[in-house]
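Student: Could you take me through one part of this model closely, a strand together with the strands and turns beside it, and then place it against a few other sites in the chain?

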Amino acid sequence: MKHLLGSSIKDLENVALNYGQAAFRGRQIYNWIYNYRNKNKDIDQIEILPLNFRKKLKNDGFKVSELSFQAKSLANDGTLKLLLSTSDNESIECVGIPTEKRLTACLSSQIGCPMDCKFCATGKEGLKRSLKASEILDQILFIENEMNRKVTNIVFMGMGEPLLNMDDLLLSIRSINEDFQISQRKITVSTVAIPKMINKLSANSFQILGKCQFTLAISLHASNQKIRELIIPSAKNYHIKNIVEDCKQFVRDTGRRVSFEYLMLSGVNDQLEHANELSDLLKGFQCHVNLIHYNQIEEVDFKRASLKKLQLFQSKLFHNGIAVSSRKSRGLDKNAACGQLRQNARN
Ligand code: SF4
């Protein structure tokens with residue numbers, strides 16, 4: 001199967017030339033895919049192309065993409081969660097998070113996830129496989145078509161660990177930037193942190209994309225190694241201080257500040273001593289801490305820290321000179337934590 005979604009304008013011109021067509025036929029395909037962003041992605045629907053060209057493409061196994069709609073869940077605040085099926089009958093989730101000015105797409109990079117973070121529904125099921133770039137990009141088209149507006153921002157915070165799918169991650173970032181016309185600065189790649197992969201991400205990005213301007217967000221969730229190992233089993237392979245050192249290098253290499261995600265878990269990491277410890281860990285470097293209200297899930301013992309605790313924690317970080325904000329949970333009433341819609345569809 002050859003997927004056209006994710007192809008550059010040059011790639012599509014070459015497809016047309018290879019079939020004895022003029023290069024502009026490739027540009028017509030490009031326009032149909034990225035500018036119309038059609039809901040129906042069958043090659044037959046590209047009516048501007050000669051019928052025999054469409055037939056040949058189809059006979060030779062070309063498709064625009066191949067995800068299909070399975071289920072959706074709309075929260076009171078407008079957050080839309082979609083469950084999509086892959087051609088091998090697996091399910092993936094993506095989420096559209098609207099505000100007045102933005103539509104943020106939260107994308108999955110893998111089917112399942114091998115990282116087994118203790119607070120996460122996706123981690124419970126292990127990894128099935130990584131997604132192809134076309135499957136990553138197709139999530140954007142589904143969100144746009146369901147929500148009837150264009151996506152403006154991208155976060156790789158859905159199912160999976162993006163740095164374990166580096167090639168297709170970067171292929172999709174190229175296309176998001178150049179074909180979907182979304183600036184790299186509006187893209188966030190969130191990782192639980194894998195040894196050596198932070199350096200590799202910036203190096204490969206410069207090599208393949210010519211720049212590295214997206215935001216790196218580290219799922220830190222702890223102020224010390226002991227707590228981190230308690231909630232993220234893979235943390236034992238990568239000391240929290242080494243993560244911070246590698247992030248400092250990322251800032252030097254790219255000029256982009258790093259964001260640290262911190263889930264506020266009641267009685268685990270939400271005390272003022274943790275705020276002081278976190279401040280010491282992160283002081284003197286270009287970074288930002290994002291405190292997150294935890295969406296509780298049934299199968300897990302962790303509880304959400306109170307709003308009061310979160311506010312005290314935030315103001316302690318602020319007074320310690322750490323740039324900090326807190327993120328409201330969106331779609332809380334509709335199973336918004338990663339992996340939950342997929343689980344519910346099976347039950
Ligand atoms: S939180 Fe992210 S990295 Fe951890 S198990 Fe869930 S999907 Fe994987």
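Tutor: What follows starts with one strand and its hairpins and then turns to other sites.

This is a predicted model, in which local features need pLDDT of at least 70 and side-chain atom pairs count only at pLDDT 80 or more, while totals for chains, interfaces and linings use all residues. Residues are numbered from 1 along each chain as its sequence is written, and side-chain values use heavy atoms, with hydrogens and water left out.

The part to look at is strand S4 (80-85), which is preceded by strand S3 (68-74) and a loop that holds Thr79; helices (H or I, at least four residues) and strands (E, at least two) are DSSP runs, numbered from the N terminus. Because 6 of the 6 residues of S4 are buried, the strand is largely enclosed by the rest of the structure, where buried means under 20% relative accessible area, exposed over 50% and partly exposed in between (1.4 Å probe, protein chains only). In a regular strand the side chains alternate between the two faces of the sheet. In S4, Leu80, Leu82 and Leu84 point one way, whereas Lys81, Leu83 and Ser85 point the other way, and all are buried.

Two strands are taken to pair if DSSP finds at least two bridges between them. S3 and S4 run antiparallel and are joined by 6 bridges, with Ser68 standing opposite Ser85. Their hairpin has 5 residues between the strands, and within it Gly78 takes a positive phi near 95°. Thr79, in the loop between S3 and S4, is buried with a relative accessible area of 5%, and its side chain makes a polar contact with the side chain of Asp77 at 2.9 Å; such a contact is a pair of N or O atoms within 3.5 Å, where within protein one must be able to donate a hydrogen and the other to accept it, and residues adjacent in sequence count only if both atoms are side-chain atoms.

S4 is also joined by 6 bridges to strand S5 (residues 91-98), again running antiparallel, and the bridge partner of Leu83 in S5 is Glu93. The hairpin of S4 and S5 likewise has 5 residues between the strands, and there Asn89 takes a positive phi near 65°.

Positive phi values also occur in other loops. Asp116, which is not a glycine, has a phi of about 60°; Asp116 sits between strand S7 (110-112) and strand S8 (127-130) and is partly exposed at 27% relative accessible area. Gln181 has a positive phi near 60°, lies between helix H5 (166-178) and strand S10 (187-191), and is exposed at 63%.

Turning to the interior, the largest nonpolar core has 106 residues, of which Ile154, Phe156, Ile218 and Leu282 touch the most other members; a nonpolar core is a set of buried Ala, Val, Leu, Ile, Met, Phe, Trp, Tyr and Cys residues joined through side-chain atoms within 4.5 Å. Leaving aside neighbours within four places in sequence, Leu282 is in contact (heavy atoms within 4.5 Å) with Val244, Phe260, Cys287, Val289 and Ile322.

The structure holds 0 disulfides, a disulfide being a pair of cysteine sulfur atoms within 2.5 Å. The sulfur of Cys212 is 12 Å from the closest cysteine sulfur, in Cys247, and therefore too far for a bond. Cys287 is in no disulfide either, the nearest cysteine sulfur, that of Cys247, being 8.6 Å away.
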